[in-house]
Structures are given as C-alpha cells and as structure tokens.
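Visitor: Please take me through one part of this structure in detail. I would like a close look at an enclosed space and what surrounds that space.

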Amino acid sequence: MNLRLLGIAALAFFLSGNSFSQTGVLKGVVYDFDTHEKLPGATLQLVNNLSKGAASDVEGHYLLELDTGYHQLVCNFVSLKTYTFSVHITENSITEQDIFLKSATKSLETIVVSSGKFDQKIEDITVSMEILKPKLISAKNTTSIETALEQVPGLSIIDNDPQIRGGSGFTFGVGSRVAVMVDGIPLLSGDAGRPEWSYIPVENIEQVEVIKGVSSVLYGSSALNGVINVRTAYPRSKPKTIISVSTGEYSLPQAPAASWYNQSAPAMANINFMHSRIIKSNLDFVIGGNFNIDQGYIGPPPPAIYLPPDIKQAFNITANDSIHTYTNNDMIKIRGRFNFNLRYRSKRIPGLNYGINGNGMLNKTNMVLAWLSDSSGLYRGYPGAVFLQRQSMFNVDPFIKYSTSSGISHSLITRVFHTDNQISNNQSNTGTNYFTEYQLQRAFKGLGLNFTGGLVNNLSYSYSQLYASSGTPDNRIHNVAGYAQLDYKLWRIINLSGGYRYEYYRMNEQQSVTAPIFRGGANIQLLKATFFRISGGQGFRFPTITERYITTQAGMLAVFPNPNLVPETSQSFEIGLKQGFKIGNFKGYLDAAAFNQNYKNTIEFLFGEWDPSIAVAGFKFINTGNSRVNGLDFSLAATTPETNKKFGATALIGYTYVDPVSLTPNYIYASYNPIGGGNTQQLSYKSTSMNSDGNVMKYRYKHLVKADIEFKIFKFTIGGSYRYYSKMQNIDRAFEQLQDTLTNNPFFTRIKVLEFWNKNKGFNVFDARISCKITPTQKISIICNNVMNTAYMLRPMKIEPPRTTMIQYMLEF
C-alpha cells in the first residue's frame, strides 16, 4: 500500500473515530479532457476562501478535508480552462469527484512566468511580451536558438548580439543589454556578458518568453532592454522520446564569390534527441543532446600580403608574419552537446522538490570579424580577421524548492558555469561563473496579492592575456543584489505591479558601485478581451571585463581597451493595448505599444583609429553620452487548437518602428593622434558618423517587419517566414577612412565596405517549409531559408547566409 492510500486510510480512521469533527473528505483525480492524461500540480481552492485548497500529486490525485455542507470549488492548471464545480460533504464520509479540464476557449490562454517570476496569464501582465512556441522552433529545423529568435517581433540578433527595439547597436554579443536566461538562471559568459546560443538545448523547450523593455528589477544588470527566458520542459505522465535528423547544403551565392569553396556547395548535418519520463511516480528525468557538423558559408581568407619591415613599423603591425593561411577543412564547424534534468518530488514532505540540471558542450568553430570585400569577397574572410576556436563548456545547477499549502514558497537555485575557449592568435580565455539566488514568494490568495523577493550573488573569474591591460590576466567581477516585487489584483480587472532592486558591483580591486532600481506598472481589463497597460522603470548595466580590458590585434585591426568605461543607466516608459479575438477556432491577440527609452552614459562599440601605436584601426567600447529611443511596436499571435487533427493555422506577425537618436551629438568622448602626424582628432557623434541626419544612432534599423504563417491540411503542413530590415542609416565614418587607407596602399589587402552599404536600401528575406506526417509518430520536412538567395548584411563587413535547403526526419513517440 503506497503512502497516498495510507494517508486516506488514516484520515478515514480519524474521521470515523471523532464524531464531533463535522468534517468530511473530498478526493479524486484531475485529468486532461482531450488526452486523458493525469495532471500533477493542478490546484483546487474554495471559492469563498481561496487560502484553503490542495494540489494534485504526481499521479493527478488530490485529497481535501472540508467542513460538512455545500461547497463551490475552482480547479486550475496551466494552459487549461478553469473548472468550477459544487459538492456536498457529509460528516465522516469520503466524497469522490474526478475532474476533467478542457482546453481554454478564451482568446488569450498563454501562461507566462518571466514577468513576475510566478504563473500569470499573458493578458494580465504590465509589460510587453512575445512567446515563441516549440512548434515553430522545430518547424524551422532550429539547430541554434538564435535563428528562431530572429522571427520574434521587435527582436533582432545581429552577429550574436540580441537587440530589442533598437536599444543597442552591434557588439559581437559582448556586454549584452538583453538578459539571456534558461529557467530563470543567467546564461551569459562571466567575462564578456556574451550569450552562447548554440549551448541552449533547443530539443527540450516548453516555450521562450521575450520581455520587451527594461527588466532590471527582477533580472539585474544585463536586462537593460529586456529578457529572453528559455523555459525547459519537464515530463508529463507519459514518457516522450523525440529524435530529429536533418541534412542540407548552402546554395551558391548570387553575388560574385571568387573561389568560394571552389564553386562547390558546402553542406551541413544535424541530430537532436530528447527523452523524458517520470520514474517511480516522483523522479522527473530528462536527457537530450545535439550533434552538428557544418561546413559554413564563409570561405577561408587568401594568404596575407607580406609587409616589408618599414611598413610594419610605420603601422605598428607585429603579427603579419604569423597570420595563418586556412583551408576549407579548417572552417568546418563541429559541435556536440549533452544535457540532463533531474527533479525529485518528495513523498514524505508535500511541496518539497530538489534536483540538479546540467549541460555540456564541445564545439569547434570559427569567428570572422570582416569580409574580404563587399563584392567578390563577400563570402570570404579577410586575412588576419578569421579566428579558429575550440570551446568546452559545462554547467551544473543544483536546486531545492519548497511550497506550502498556505501559498508560501522558497527556492534556492545555483549554477556553476565554466567556459574554456582556445582561440588562434593568442585569443584564448577561460572563466568560471558562480551564481546563487534565494527567492521567497508569498501568495495572499484571499487578498489577490503576490509577493516576490530574493537575494542574488554572482561571482565571475576570468583568466586571459586578452585582459592583461588591467594589470593582470586574472580578473574577477562580483555582483550582489536584493529585490522585491508586489503584484496586486484588484476587483478582478486591475493588476498593479511594483518592484525595487539594489545592486552592488565590484570589478577587481576597483571602488564598488551601487545602484537602486525601481519599476511599476498597471494593467486594466477594459472589456472582455481588451486590456490596457502602462509601465515604467529604471535600468542599470555595469561594464563587463571584456569591455574594459580587452586588448587584441589581428594584422592591422585591433580591439582596444577602455578601463575608464562607466555603467550606463536608463529610464523607460510604455503604454500598450492587447486585444483578444476569436474567429471560429482561430484565436489569439493583437498587441500595440508605444515606448520611450532614455539612456545615460550610453556604451557603444565603435570603429575608429583609436590608438595607432597598437594598430591602424579597430573597435572600442565608449561612453558616447546620452541617447533616446522612441518607437511603436505591433504584433499578432494566433493559432487554432491542436486537437483539430484535420485543419489548423498559426501566425506570428509584427512590425516595429524605432527612432534612436543621440541627445548629445557634439559631446567629445575621445580623441586620437592620426597616423603620419597631424592635429589631434576629437571624436563625437557628429564627427564620427557617416550620416548624422536626425542624429540617428549607428547600427540601428528604424523599421522591422517579421511574419511567420503556417497552415495544416490533414497530414500536410505548409509554412513561410518573412523578415524586412530597413536600411541601416548610420555607421562609423572610420570605415570610409579605413577603405581609403587600404585602397591607396599596395602593401595591404584591399577591403571594401561602403559600396554594399550605399547601394542597399533595405533587405527582404523569405523562408519556406513543407512537411508531411507520414505516420502518427513520424514526420518528414523540407525547409528552405533565404529562398530568394538574397545577399544581405545586418552589420558592416559581415554577410548573412545564402539560401540553405534542408530535409528533416522527425520521430516522436
């Protein structure tokens, strides 16, 4: 006899032996109406006393002692329709009531956790949020999550750097202004604040939640412009196994591609797998992995031109003789990754669960900083601007959580995240990040109030000669923070939210920096499916080790340190309207928002002639003064129920307009002495911009259009995606100076940048896919990305992939 039956027997014995108790027992099982799966974790509450209730166990069973008489109860489960029912409890007896929960029929049914770190309906939250479902991730044959994220309205991934609503330019992903999380734990490298997209387990995703707007109160420094939170899936009552195998190739570019892989089409292959199950009713077990091999679409650079000693001395080039000549085989990318989740739910102590999650990856890849030229060399690297990299990284995440029936929950989550990057040309670095967060939540259900508070400790160590300009290759950064947020539901139609965070940062032995951060918001239900929201908040981002201390050179190009870099701050304001709709079985929402973001000490990654004693030109992180981003954001998300096996449709569509301007265009933020002598050059937004009309900031797109639409007809599914990027209005004038310098000097390999930038007025990119479910467990798909084989760039000197065509086989049982 298991513990649940013993508990029932003991309670029945207690009731039968106490005639004065005036109580009885309600018990039963909670099922999914469509699948008949038992639902663990469903909640039951008394309508007239929400503080009294119970939750179903791992097998869907619930047990609740109630006073005698009639009671009305409500049963809830994430993503299913709320069920209200009445029962009559008689003294010293057991009443059985099984519950079947149906799919939600309301237009808005998505449950999210990222906004307040607890379950909320998406229509109730006070911020803008987009949801990326695993169905779209799988349909696009995603091997690295950033390719699917590129389809999210208002979000762009520019050379690994996530941008939300034009809040940043491009930085090679360093110092991300968007917090990238997996299950609420940061997944940014400790030294560079850089996301490792290929490290995220795309094979096991429940959904991806993207908050658009400052979120520093709950998520800290890197959430200056928003949050990308990847929620992994835990097993249901039935075991699940998914295996996906795909292969494909890149098409020859339309643009001239001199010696591009000897005019052969490079290929790729990928395998994903995932298995999840519940072991002995209380141990959740998930394993997954990925193996990927990809020739890549950027060919190796030609041999570097040998420089005479006098030229090398004049331009302070020390590495030309050691610039490697790479082959096609050197450019092959090979990646293997394995992950697991283990969660034990205690039978002896209800509400207690603990476990450990882990992930590890070995990755052979490359980084291409600049193309060979903007015509025939678009798809080849520039000599000295190509680095080969071998990555090994792993994380282990022990955790423990405890929830009581009175609405109190405690959680302690930890992470050890280690990275080892072996990179050519003395670029190697290693680092370890130690993260700990304690969180307390209290739901005052009778009052409609939810409190969330926590303490965070985040310590990162890094070792690399890249950062020796700090005085040592050993560097560290320490962050401690405390936060609290209150969410209050008033009259069932108003949601109020307010929060506070206090940040402490210290890098090496420098003076510590502290910052208080506030946010607040409100959401009002105007009509049955119409919701108005307003929110405002502050943001704070502390520079990373890389931004302050990196010093590296590749031929004539370099990245320069800036030890005087100071934190950037922001204030944001937003109003929005969400309108639900239902047309037959097609249901979803339209969302519109207007936003204002103001930044102080804006950090930009700018190209220029910063220090000729180190290199001819290169990039540097600079505080450029104050800036502002105003804009409008529109999105539509809709779908038909998955229970309809014959017909279906899904849509995710968005348009974003931003007006990013410098508020201090004449502010002198740096100066340098030009090569060959001459007057000291003072640098400001005005003096360094190629096009300063309207003071538009560099490396931004004012107009973004995203759309993904899919139709299901019996066994067949047809879908397509569209992305439009308007012309990047402004870039660094130093690109023009660099092009002129190299064009007029026979001792350098010429590089061209401006012709491609000048002639393109915007880019339209189309993807297409078709799939057939050949059996209930097997599906075969053909996916074609960049169907028109458009040559397009999202940042200067880096071309995006040409057409790729893949065939995918998926087995799910």
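**A close look at the second largest cavity**

Guide: Start with the lining. This is a predicted model. By class, 14 residues lining the second largest cavity are nonpolar, 14 are polar and four are charged. The space inside comes to about 480 Å³. In total, 32 residues form the lining. Look towards the centre of the cavity. The closest residues there are Leu188, Ser221, Ser222, Asn458 and Tyr505.

Now trace the walls. Several elements each give at least two residues to this lining. They are β14 (178–182), α4 (216–219), β25 (429–444), β26 (449–463), β27 (474–490) and β28 (494–507). β26 has the largest share, with four residues.

How is such a space found? Rolling a probe the size of a water molecule over the atoms shows where empty space is left. Across the structure there are 11 cavities of 30 Å³ or more.

Next, turn to a single residue, glutamine 151. It sits in the loop between α3 (146–149) and β12 (155–158). Glutamine 151 counts as buried because its relative accessibility is 0%, and the cut-off is under 20%. Its side chain reaches the backbone oxygen of tyrosine 722 at 3.3 Å. Glutamine 151 also touches residues far along the sequence, including Leu652, Lys706 and Asp767. Isoleucine 653 lies 502 residues away in sequence, yet the C-alpha atoms are 8.7 Å apart in space.

Last, the cysteines. Cysteine 75 is buried at 0% relative accessible area. Cysteine 772 also counts as buried, at 16%. The search of the whole structure finds zero disulfides.

Key: Residues numbered from 1 in each chain as written. Predicted model: local features only at pLDDT ≥ 70, side-chain atom pairs only at ≥ 80, totals over all residues. Heavy atoms only, no water. 1 Å grid on protein atoms, 1.4 Å probe; cavity = no way out; pocket = protein on both sides within 12 Å on 5 of 7 lines; lining within 4 Å. Points joined across faces, edges and corners; volume = space filled by probe spheres on them. Nonpolar A, V, L, I, M, F, W, Y, C, P; charged D, E, K, R; others polar. Disulfide = S-S within 2.5 Å. Buried < 20%, exposed > 50% of the residue type's maximum accessible area, 1.4 Å probe, protein only. Contact = heavy atoms within 4.5 Å. Polar contact = N/O pair within 3.5 Å; in protein donor to acceptor, adjacent residues only side chain to side chain. Lists of a residue's contacts leave out its neighbours within four places in sequence.
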